[in-house]
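Work through the following exercises with the sequence and the structure in view. Each task is followed by a solution in steps.

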Protein chains: 2
Amino acid sequence: MASTVGDRLDPWLDSYAAQARSMTASQIRALFAVASRPEVVSLAGGMPAISALDLDDVAGLVAQVVAAQGGAALQYGSGQGDVALRELIASAVLPPVGVSAHPDDIVVTVGSQHALELVTAVFCDPGDVVLVESPSYVGALSVFAAAQVRVVHLPMDDDGLVADAIAPAVAALAAQGRRVKMLYTVPSFHNPAGVTQPPQRRAAVLAAAQRAGVLVLEDDPYALLGFDEVVPRALRADDPTGVVYLGSFSKTFAPGLRVGFAVAPHGVREKLVLASEASVLCPSALAQLTIAAYLTHRPWWEQVKAFRELYRERRDALLDAMTALLPAATTWTRPSGGFYSWVTLPGGLDATAMLPRAVTARVAYVPGSAFYAPADADAGRSSLRLSYCHPTPDRIREGVRRLASVVGDELALADTFGTAAAGLRPAGPGPDVA
Amino acid sequence: MASTVGDRLDPWLDSYAAQARSMTASQIRALFAVASRPEVVSLAGGMPAISALDLDDVAGLVAQVVAAQGGAALQYGSGQGDVALRELIASAVLPPVGVSAHPDDIVVTVGSQHALELVTAVFCDPGDVVLVESPSYVGALSVFAAAQVRVVHLPMDDDGLVADAIAPAVAALAAQGRRVKMLYTVPSFHNPAGVTQPPQRRAAVLAAAQRAGVLVLEDDPYALLGFDEVVPRALRADDPTGVVYLGSFSKTFAPGLRVGFAVAPHGVREKLVLASEASVLCPSALAQLTIAAYLTHRPWWEQVKAFRELYRERRDALLDAMTALLPAATTWTRPSGGFYSWVTLPGGLDATAMLPRAVTARVAYVPGSAFYAPADADAGRSSLRLSYCHPTPDRIREGVRRLASVVGDELALADTFGTAAAGLRPAGPGPDVA
């Protein structure tokens, strides 16, 4: 091998693991490099509006943590996570979603993305099946792809995951000799679909998963960011044994700290800790103690309410602009919380093919195909995800104006020449965060 | 399944992945819970002496980062890591070890433990072989076990890994139809062996790996912490294509930030970024910008020299105390840098069996068997690792005094009744960090 090193583009090409062979940067990724320019209105990323935080106040808080607890904050810590933070999660963060948990049931992770990876590592062998929604969170799909897990998409309606689809899917897969290990769901303010499961739907989802003996992996980063004052009750609240619950501080405080958590049944929790220690030894003590101090010494619930107001205003700006500007027959979901609306284009337009033209017109979105496993990407082709979390209302309106113009041009083109079909096909999910 | 939930200790027992079935907490772990009590002198953990840092100064630095760059520090960032930090790693951190790298070659990770996990994910399928030293870093062994990789231990001598052992091992494994994917080595101030490869040994290791077509995974967290002013030249310095180099800020600054990095050939680096995004989206921006500010605005090299002096003093305290107090025929390595000495007990004593009695005598260490794959654990049975990084010289002397007394008692017992053989056998590596 060494002798041929100079002759080959990648001398290690024959050495990669099976899972790594499919790891190639997507064309979408290259487009997003362009889309991050300031002149582009990005309705693509899921970056929280941390401009709403008082930076000087956070600076003072972090300084206090280092000065007063630096011996712990700068040192290695427990693989399971800081006990004071776990106590605060149990006493303050989980009760609003109806979850009653002991601090021992909680594992702190490097953002909830890491919890997704750890739960998947604990449960899934290559070839195992995970049921997900149509569409599903792109970061979860990346985790499942890396674990060589087969993803099966179940339908959604305006009330989220269609519970009646669970039993037939599990039965059909069992008939093929395939084992369903988990049902992955985002029940509240779905990313990317923008819908929320009402209580009766949640009960039906839980009942179907229990009957099928399938673990529910409940991803709930947006729960506290609803616009109607009512915090949706977590699935985990009604089934502590059958659900692993994932939470995050990325949306209610700041993603730059990378702190999330899993609430898991005892045996699962023990394995998650061992998997986390093998992965990163422990999460950052500085980040954890900062969040513990924030929850203890700052009016964090008031900040959550401020975030809600800010996102509600932006959601309204998006919906109003879409109503006023997008061509007739375009449809979209009306989120009651969270960051996203799912838009479906009229006339068979292909949102993936349209993206380069949208970026040229200085507006960016994530095409719907990114939220499907590669084999099912066509299911998302006429849809796209718009995020209203980061741009100001004025920028959102300007972005929708530009998008409407691009869609109008595409429709005119399709009328003249038949359905637009530029060749751009993404190799995989883009670099979307959150 | 749901109907039997109440009847079983762990209702998900049949659902775990193959790799998770071997994840069980070890007996050593339970012992270390006792060993963390203040009355116990712990020569076990690898916790850096962050008491040497000026906490008020670090507090001011972090506050400045949040106040001035909070919009970036608290937000999601690049999966590859902050470009300013990668530039500083290339321009300031790598030149002392002789490594010349472009910032594009560097991937920032959640401590170098995470880099270990990512490199393993990119290269190793279950059943692949990784060559490691005898003994090897327990955290790396955890990563390889989680990836269901087969670990083959190669011999070490006072100059570290025996280079001549590489070719025969690769050939013997090939004859069994097994593919060796990587050679994992800690060439400088080895954890746990406390030895360092001299230049001619490094050249021989590189040449053997190149001939065998095996990637070298060079783990180098202690490189700057030598006691002789000379920083060992990294293997990566002489083979940019054949070596993935891992570095860390945990030992030269603070582990609580969880920031390490990998320097990798182009094709490998690209896959590491994709694997890292699937795992954690991105490393903490706050932690990265804090380290970038530390490298830019603080005399970090003076702090490294201060750490060296502090660890040299503690190394001397350990070696002097062992010479004065440990029974004759006990042997140990004399580290010229880093955190550890590897001690071998006389008279066939079993360091694992002795550990509960040592903890009762209020001194803790890590038994040698923890640094071997479970199948080879017997190879480490008469040895143990002593860390001098965290306790003060007085505590180190007191710890060795207690240890010497325990070893003396064991020897007397063995003289009377034959080799001591209490039944304690660990189920796996302990919760040792670094």
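**Exercise 1. The axis between the chains**

Find which residue of chain B comes closest to the rotation axis, and state how chain B is laid on chain A.

Solution. In this predicted model, the residue of chain B that comes closest to the rotation axis is Ala63(B), with its C-alpha at 2.6 Å. Next, take the operation itself: a turn of 180 degrees with a shift of 0.0 Å along the axis lays chain B on chain A, and the RMSD is 0.0 Å. Such a relation is that of a two-fold axis. Finally, compare the contact residues: 100% of those of chain B recur in chain A, so the same surface serves both copies.

**Exercise 2. The interface between the chains**

Determine how many residues of each chain are in contact, and which element of chain B gives the most.

Solution. Start with the count: 81 residues of chain A are in contact with 81 residues of chain B. Then list the elements of chain B that give two or more residues to this side; among them are α1 (18-21), α3 (55-73), α5 (111-123) and α9 (266-280). Of the elements, α3(B) gives the most, with 12 residues. Last, sort the residues on the side of chain B that touches chain A: 50 are nonpolar, 21 polar and 10 charged.

**Exercise 3. Two domains in chain A**

Describe how domain 1 and domain 2 of chain A touch each other.

Solution. First set the bounds. The domain assignment gives domain 1 of chain A as 21-46 + 303-424 and domain 2 as 57-297. The centres of these two domains, taken over C-alpha atoms, are separated by 27 Å. The contact involves 26 residues of domain 1 and 23 residues of domain 2. On the domain 1 side, α11 and β12 of chain A each supply at least two residues, and α11(A) gives the most, with six. That side of domain 1 divides into 12 nonpolar, nine polar and five charged residues.

**Exercise 4. Helix α11 of chain A**

Check the span of helix α11 (residues 300-325) of chain A against 1.5 Å a residue, then state which of its residues are buried.

Solution. The helix has 26 residues, and at 1.5 Å a residue it should span 38 Å. The end C-alpha atoms of α11(A) are 37 Å apart, which agrees. Its buried residues include Phe307(A), Tyr311(A), Arg314(A), Arg315(A) and Leu318(A). What covers the buried residues includes β11 (331-332), β12 (340-344), β15 (383-387) and α13 (393-417) of chain A.

**Exercise 5. The sheet in chain B**

Work out the order of the four strands in the open sheet of chain B, and whether strand β15(B) is enclosed or exposed.

Solution. The order is β11-β12-β15-β14, with antiparallel pairing. The edge strands, each paired on one side only, are β11 (331-332) and β14 (366-367) of chain B. Now go through the pairs:

- β11(B) is joined to β12(B) by two bridges, and Trp332(B) has Val343(B) as its bridge partner.
- β12(B) is joined to β15(B) by five bridges, and Thr344(B) has Ser383(B) as its bridge partner.
- β14(B) pairs with β15(B) over two bridges, and Val366(B) has Arg385(B) as its bridge partner.

Turn to β15(B). Five of its five residues are buried, so this strand is largely enclosed by the rest of the structure. In a regular strand the side chains alternate between the two faces of the sheet. Here Ser383(B), Arg385(B) and Ser387(B) point one way, while Leu384(B) and Leu386(B) point the other way.

How values were computed
Residues are numbered from 1 along each chain as its sequence is written. Chains are lettered from A and ligands numbered from 1 in the order in which they are written. This is a predicted model: local features need pLDDT of at least 70, side-chain atom pairs count only at pLDDT 80 or more; totals for chains, interfaces and linings use all residues. The expected span of a helix is 1.5 Å times one less than its number of residues. A residue is buried if 20 or more other C-beta atoms lie within 10 Å of its own, exposed if 12 or fewer, and partly exposed in between; C-beta atoms are placed from the backbone. Two residues are in contact if their C-beta atoms, placed from the backbone, lie within 7 Å. Two strands pair if DSSP finds at least two bridges between them. Ala, Val, Leu, Ile, Met, Phe, Trp, Tyr, Cys and Pro count as nonpolar, Asp, Glu, Lys and Arg as charged, and the others, Gly among them, as polar. Copies are superposed by least squares on the C-alpha atoms of residues with pLDDT of at least 70 in both. Domain bounds come from an automatic or database domain assignment.
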